[in-house]
Amino acid sequence: MLKDLGTIFVASAIINNFVFTRYLGLCIFFGVTKRLETAVGMSMTFTAVMVISAALSWLVYNLVMLPLHLGFLKIVLFIGIVAGFVQAADTILKKTNPALYHKLGIYLVLITTNCIILAVPVINADEKYNFMQSITLGLGSGAGFSLALVIMASIRERLELANIPKPFRGMPIAFIVTGLIALAFLGFSGLITI
Amino acid sequence: MDEKKPNLLKLIKNGIFSENPVFKLALSLCPAVAVTTSVKNGFLMGVAVLFVMTMVNITVSIFRGVINPKVRIPAYILIIATYVSMTDMVMAAYSRTAYKEMGLYIQLIVVFAIIISRAELFASKNKVVPSAVDGFGMGLGFLGALVLVGAVRELIGKGTLAGVHILGANPLLIMVLPTGGFFVIGLLMGLFNWIEDKYFGGTSGGGGGSHGGH
């Protein structure tokens, strides 16, 4: 059981890293990795939201939707759950911890319409994971995403000073750098076979 | 009516060239890298997005007077989710092999920034016909970009084009692996920038007032 969870964690964090092998969350990945500080704040928020939304949507999907044969509505419901939860977190944080709210405020709103958050419940439903496995997938994916953000932000802070050919400045060079990191991550693919 | 015709053409051109969702706005990149391992997959994905985008723009435009501005984003997401569910079911029923590869990404169309940004920036302020044309043009730009990336990756990675052998060898397998997608898009983006710089005077970002949809 524990070994199984460990496998899911390592697989989702490194081998099937959301950014480098599943290509999810790229908008955020390229958007917030200009500075290391924002990248760190963003990755913590993301991991928390991913774990909680994985748990919530597992409960709703398995205890409400499957018994009622509403599986075909999963896209609508999952996005509703994430949006509702994020909105709630936003309101609660504003009242209880204004300092943290000011740090994370903008990111929280951005999170609702992000593919990486929605992907976790969808993968959980497709793979028919149990409750603990779903949470582990959320945690592992969050860790993998954080790793990707921090690596990329560190590289981009250096890229700012580099002399890049004009047509490649900004987005194109970021893509090529990502390709190189993905190439490195390819080396992990034999680590565990799932 | 005289004014309308060039206007509509301009909207389509806008979607394909000056505000190409992938190469220019850099929006909704996830599927652009993920499913473009072959021309066929890129094409299917592009058609799905084209359909969803046109229908969402039409629907949002029809209901633009009814939707309360305060709840507009949830309303848009519901509209998008409805059409995405339809596309998902049709795909699952009619092209099973392709669906196995790209099912996850079809379901994720629902959170594509490009769709919601067009609904917000264009369809919520314009009449039905221009909105439909705008959605169609943007979708066409997206489709074109996906097919282009798919073609480059399939040709270099597998030596085929739309399933037909051309090179007769397997030159660079890396191109159909995750890494290749990033390289090809990065290089194509650079190429687009270079062409624009060289032949159109390099005044990028001047088209329309609808920039900044990140």
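Here are some numbered notes on this predicted model, written to be read beside the structure.

1. A good place to begin is the overall build of chain B. Eight helices and two strands make up its regular elements. Read from the N terminus, the order is α-α-α-α-α-α-α-β-β-α, so a single helix follows the two strands. Of the 214 residues in chain B, 48% are buried. Among the contacts in chain B with a separation of 6 or more, 74% join residues that are 24 or more positions apart.

2. Next, have a look at where the two chains meet. Chain A and chain B each put 34 residues into the contact. On the chain B side, at least two residues come from each of α2 (29-34), α4 (72-94), α5 (96-107), α6 (113-123) and α8 (178-199). The largest share of that side, twelve residues, belongs to α8(B). Sorted by class, the side of chain B that touches chain A holds 25 nonpolar, eight polar and one charged residues.

3. The nonpolar interior is worth a slow turn on the screen. The largest nonpolar core has 102 residues, and those with the most contacts inside it are Leu118(A), Ala119(A), Val52(B), Ile80(B) and Val110(B). Helix α7(B) gives the largest share of this core, with eleven residues. Leu118(A) is a handy residue to centre on: leaving out residues up to four places away in sequence, it touches Phe78(A), Ile79(A) and Val82(A) in chain A, and Leu108(B), Val110(B) and Val111(B) in chain B.

4. Which helices of chain B cover the buried residues of α6(B)? Helices α3, α4 and α7 of chain B are part of that cover, together with α2 (26-32) of chain A. Nine of the eleven residues of α6(B) are buried, so the rest of the structure largely encloses this helix. Among the nine are Ile114(B), Ile115(B), Ile116(B) and Phe122(B), and the list also includes Ser117(B) and Arg118(B).

5. Now for some helix packing. As a reminder, a packed pair of helices is described by the angle between the axes and the distance between them. In chain B, α3 (residues 39-62) packs on α7 (residues 128-158) at an angle of about 165°, and the axes are 8 Å apart. That angle makes α3(B) roughly antiparallel to α7(B). The crossing of these two helices is right-handed. Their contact contains 21 nonpolar, ten polar and two charged residues.

6. Helix α3(B) also packs against α5(B), here at an angle of about 40° with the axes 11 Å apart. These two helices are therefore oblique to each other, and the crossing of α3(B) and α5(B) is right-handed. From α3(B) come Asn41(B), Leu44(B), Met45(B) and Ala48(B), which meet Ala98(B), Glu101(B), Met102(B), Tyr105(B) and Ile106(B) of α5(B). By class, this contact has seven nonpolar, one polar and one charged residues.

7. For a single residue in chain B, try Val128(B), which sits in helix α7 of chain B. Is Val128(B) buried, exposed or partly exposed? It counts as partly exposed, because 15 C-beta neighbours lie inside 10 Å. Beyond residues up to four places away in sequence, Val128(B) touches Ile58(B), Ser61(B) and Ile62(B). From Val128(B) to Val152(B) there are 24 residues in sequence and 36 Å in space, C-alpha to C-alpha.

8. In chain A, Trp58(A) lies in helix α3 (residues 36-65). With 23 other C-beta atoms within 10 Å, Trp58(A) is buried. Apart from neighbours within four places in sequence, Trp58(A) is in contact with Asn124(A), Phe131(A) and Ser134(A). The C-alpha atoms of Trp58(A) and Arg35(A) are separated by 34 Å, and the two residues are 23 apart along the chain.

9. One backbone detail to finish with. Most residues other than glycine have a negative phi. Lys128(A) is not a glycine, yet it has a positive phi of about 55°. You will find Lys128(A) in the loop between α6 (115-127) and α7 (131-159) of chain A. Lys128(A) counts as exposed, with 9 C-beta neighbours inside 10 Å.

Methods
Residues are numbered from 1 along each chain as its sequence is written. Chains are lettered from A and ligands numbered from 1 in the order in which they are written. This is a predicted model: local features need pLDDT of at least 70, side-chain atom pairs count only at pLDDT 80 or more; totals for chains, interfaces and linings use all residues. Two residues are in contact if their C-beta atoms, placed from the backbone, lie within 7 Å. Helices (H or I, at least four residues) and strands (E, at least two) are DSSP runs, numbered from the N terminus. Ala, Val, Leu, Ile, Met, Phe, Trp, Tyr, Cys and Pro count as nonpolar, Asp, Glu, Lys and Arg as charged, and the others, Gly among them, as polar. Axes are lines fitted to C-alpha atoms, for helices over the stretch in contact, and angles run from 0 to 180 degrees between N-to-C directions. Angles under 35 degrees count as roughly parallel, over 145 as roughly antiparallel, 65 to 115 as roughly perpendicular and the rest as oblique. A crossing is left-handed if the near helix is turned anticlockwise from the far one by less than a right angle, and right-handed if clockwise. A residue is buried if 20 or more other C-beta atoms lie within 10 Å of its own, exposed if 12 or fewer, and partly exposed in between; C-beta atoms are placed from the backbone. A nonpolar core is a set of buried Ala, Val, Leu, Ile, Met, Phe, Trp, Tyr and Cys residues joined through C-beta atoms within 7 Å.
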